[in-house]
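This report looks at selected charged and polar side chains and at how they are placed in the fold. Please keep the sequence and the coordinates at hand while reading.

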Amino acid sequence: MERIRQYLDGAGLTLSDRQLAQLEQYYQMVIEQNQVMNLTSITERNEFIEKHLMDSLSPLAADEALRSLLLTPGTRMIDVGTGAGFPGIPLKIACPSLSVTLLDSLRKRVGFLDQVIASLELTDITAVHMRAEEAGRDPLLREQYDLAVSRAVASLSILTEYDLPFVRIGGLFLAYKALSAEEELSQAETAIRKLGGKADSPITLTLPDTDLNRSLLVIRKVRPTPKGYPRKPGTAKKNPL
């Protein structure tokens, strides 16, 4: 995990030994659970560190405004379609004052995330078992977050309908994407506008000592999401805006 310490040191963020130990324990828990439940196809240690942990933490290293938001005490973040906990758990470990909701539609994964939260002794973080379309209409969750994130879940047109309803006006939706993101931004233009968002310029980066190129797509919430969105479960995937 020393690579992660060095990675964030370059951005002026120093992780403690305890935080590095939590990342190590998280890795071990994912690998162990992966033997009985499909969480990830990436299990080799160095590849896991690069493609899961460093990638999840890339907003902290790539952009000062995102880093400031994530490190501001009380910032509320929801990780939509979190799966095994990426990027929500690594971000929570690195930013202990972050208030995190991990949202996933599979109960078994949520059960695993509950185990991780307890074992790592994380606080102010909750795993919720709901579909994004249902959770986005819940008044306890809708437009309650400063930041919504999704990583490797769906195309941006679909993700915008999943994520943007959770974001308060003035907040951000952050999508982790491969480098070729301009086309997705263009295709998602109608969805972004219709759901109350406005796209910033993509943040591009290469993870250090790798050939992994990434884009962070930042969508600002400038207007309330219309009441008809998100649509019924499955509709966004079958008929993107």
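Is R5 buried or exposed, and what is its relative accessible area? In this predicted model, R5 is buried, with a relative accessible area of 18%, a value that falls under the 20% limit used for that class. E2, by contrast, is partly exposed, its relative accessible area being 42%.

**Salt bridges**

The side chains of R5 and E2 meet in a salt bridge, with a distance of 3.2 Å from N to O. Because R5 and E2 lie three residues apart in helix α1, which covers residues 2-9, about one helical turn separates them. The pairing extends to a further residue, since E2, R5 and D17 are linked in a network of salt bridges. Side chains of opposite charge can pair when their charged atoms come close.

The count for the model comes to 15 salt bridges, including the three pairs listed here.

| Salt bridge | Distance, N to O |
|---|---|
| R5 and E2 | 3.2 Å |
| E161 and R231 | 2.8 Å |
| K177 and E184 | 3.2 Å |

For K177, which is joined to E184 through their side chains, the relative accessible area is 12%, and K177 is therefore classed as buried.

**Helix α8 and its link to a loop**

The side chains of E161 and R231 form a salt bridge of 2.8 Å, again taken from N to O. This pair links distant parts of the chain, with E161 placed in helix α8 and R231 in the loop between β8 (213-221) and α11 (235-238), 70 residues apart. Both partners are buried, E161 as well as R231.

How much of helix α8 is covered? The helix, which spans residues 156-163, is mostly covered, and eight of its eight residues are buried. Among them are the charged partner E161 and the residues on either side of it in sequence, T160 and Y162; L156, S157, I158, L159 and D163 are likewise buried.

**The surroundings of H52**

H52 is found in helix α3, which runs through residues 45-62, and it is buried, with a relative accessible area of 8%. Which residues does H52 touch, if those up to four places away in sequence are not counted? They are T40, I42, E47, F86 and R151. With one of these, R151, the side chain of H52 also makes a polar contact of 3.2 Å.

Note on methods: Residues are numbered from 1 along each chain as its sequence is written. This is a predicted model: local features need pLDDT of at least 70, side-chain atom pairs count only at pLDDT 80 or more; totals for chains, interfaces and linings use all residues. Side-chain values use heavy atoms; hydrogens and water are left out. Buried means under 20% relative accessible area, exposed over 50%, partly exposed in between (1.4 Å probe, protein chains only). Helices (H or I, at least four residues) and strands (E, at least two) are DSSP runs, numbered from the N terminus. A salt bridge is a side-chain nitrogen of Lys or Arg within 4 Å of a carboxyl oxygen of Asp or Glu. A polar contact is a pair of N or O atoms within 3.5 Å; within protein, one must be able to donate a hydrogen and the other to accept it, and residues adjacent in sequence count only if both atoms are side-chain atoms. Contact means heavy atoms within 4.5 Å.
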